[in-house]
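Please open the model in your viewer and keep the sequence panel beside it. The stops below say what to select next and what is to be found there.

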Amino acid sequence: MTQRIASLLASATEIVCALGLEERLVAISHECDYPPQVLGRPRISRPRFDPAGLGSGAVDAAVRQALLEHGSVYAIDGDALAGLDPDLILSQAVCEVCAVPTPGVRQVVAERGLRARILSLDAHTLEEILDSIIMVGEAAGAERAAAALVQALESRLARIEAAVRGLERLRVLALEWLDPPFAPGHWVPQMIESAGGTSLAGERAARSRELSWDGLHDLDPDVLVVMPCGYGLDAAAHDADLHAERLMEVAHRAVQSGGAFVVDGSAYFNRSGPRVVAGVEILAGLLHPDYFPPPPADQARAWRPAAAVRGAGQPGDSPSRHSRSGAQHREAGP
């Protein structure tokens, strides 16, 4: 009998499909938005608040309130999950606000008496993201496909590192949330280093960290990258516009010199899946455009505050923060 897979994590859905297993996918999470061919699958999770139309500060407050009241930002449709009767459920325990956490999945499985195996993908570094692909391949009997995918991704990373080797390492301030500001943790600082930069805020393999704007004043980065968690490119640009005064205060030289950018954080930076390698390529193209191809306009673009006078409307994309608070991979809390 063909294995039935339920994914409660957007990056896990991407891994399953990258391994050519999309026909086995019987359910996905509320946040899954890629690849297009699986978006019609039943969705078995939902956030406990509607993020549509909320600015980053309001999303942060709603997430904190959901955690206070329910201990979780998400609810799982246990009846739907039981009806689908999956053999393998993919979840995570890295971030309680970015996606459905594994403890909640275990509780639902136990309550419904399901026999499904739960595989928790808890990557904190680029190497662990690649390991997650291998783990899914082994759990799904697709070891060869997983090994081939990892080899291809490693080759791309090696190409980037060869292209930027020996170049000046620009000082990069990346922000994964703006109200309040958060420095990225987990794999993002490593992505910056791999792309030929130096991360000024956030530590590799550590949790994302809430900062204060005052605490960022003395960094004077060469490059500013705004990558709000769960936001696409247009929403990231809009949020940067709303916080233009603060961003100018902490990265004036970068903005004035054309070194400020917004990126599609949701697709290429916030998720522990295969497209994170494209995120490293994006950064390499932004930091060293003479040595690595600049990214396409639908992945990243320069940001200037002159474009920031559209008023106080809300982002064009409905943020999920991965439906989160202000921390992309604040993955295990503040």
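**A tour by selection**

Begin with Arg171 and Thr198, since the bridge partner of Arg171 in β10 is Thr198. This is a predicted model, in which local features need pLDDT of at least 70 and side-chain atom pairs count only at pLDDT 80 or more, while totals for chains, interfaces and linings use all residues. Residues are numbered from 1 along each chain as its sequence is written, and side-chain values use heavy atoms, with hydrogens and water left out.

Widen the selection to strand β7 (residues 170-175) and β10 (residues 197-199), which pair in the parallel sense over three bridges; two strands pair if DSSP finds at least two bridges between them. Strands (E, at least two residues) and helices (H or I, at least four) are DSSP runs numbered from the N terminus. Add β12 (residues 223-226), which β7 also pairs with in the parallel sense, over four bridges, and there pick Val225, the bridge partner of Ala174. Five of the six residues of β7 are buried, where buried means under 20% relative accessible area, exposed over 50%, and partly exposed in between (1.4 Å probe, protein chains only).

Move next to the open sheet of four strands, ordered β2-β1-β5-β6 with parallel pairing. Its edge strands, each pairing on one side only, are β2 (25-27) and β6 (117-120). Neighbouring strands of this sheet are turned by 30° against each other on average, direction ignored; axes are lines fitted to C-alpha atoms, for helices over the stretch in contact, and angles run from 0 to 180 degrees between N-to-C directions. Select β1 (residues 5-7), joined to β2 by two bridges in a parallel run, and find Ala6 opposite Ala27 of β2. Then show helix α5 (residues 126-139), which lies across β5 (88-91) and β6 and runs at about 165° to β6.

Which cysteines deserve a selection for their burial? Cys32 counts as buried because its relative accessibility is 2%, and Cys229 counts as buried because its value is 0%. With a disulfide taken as a pair of cysteine sulfur atoms within 2.5 Å, the count comes to zero. Cys32 is in no disulfide, the nearest cysteine sulfur being that of Cys17, 8.9 Å away.

Finally, select the whole protein chain, whose secondary structure comes to twelve helices and 14 strands. Of its 334 residues, 60% count as buried.

Note on methods:
Contact = heavy atoms within 4.5 Å.
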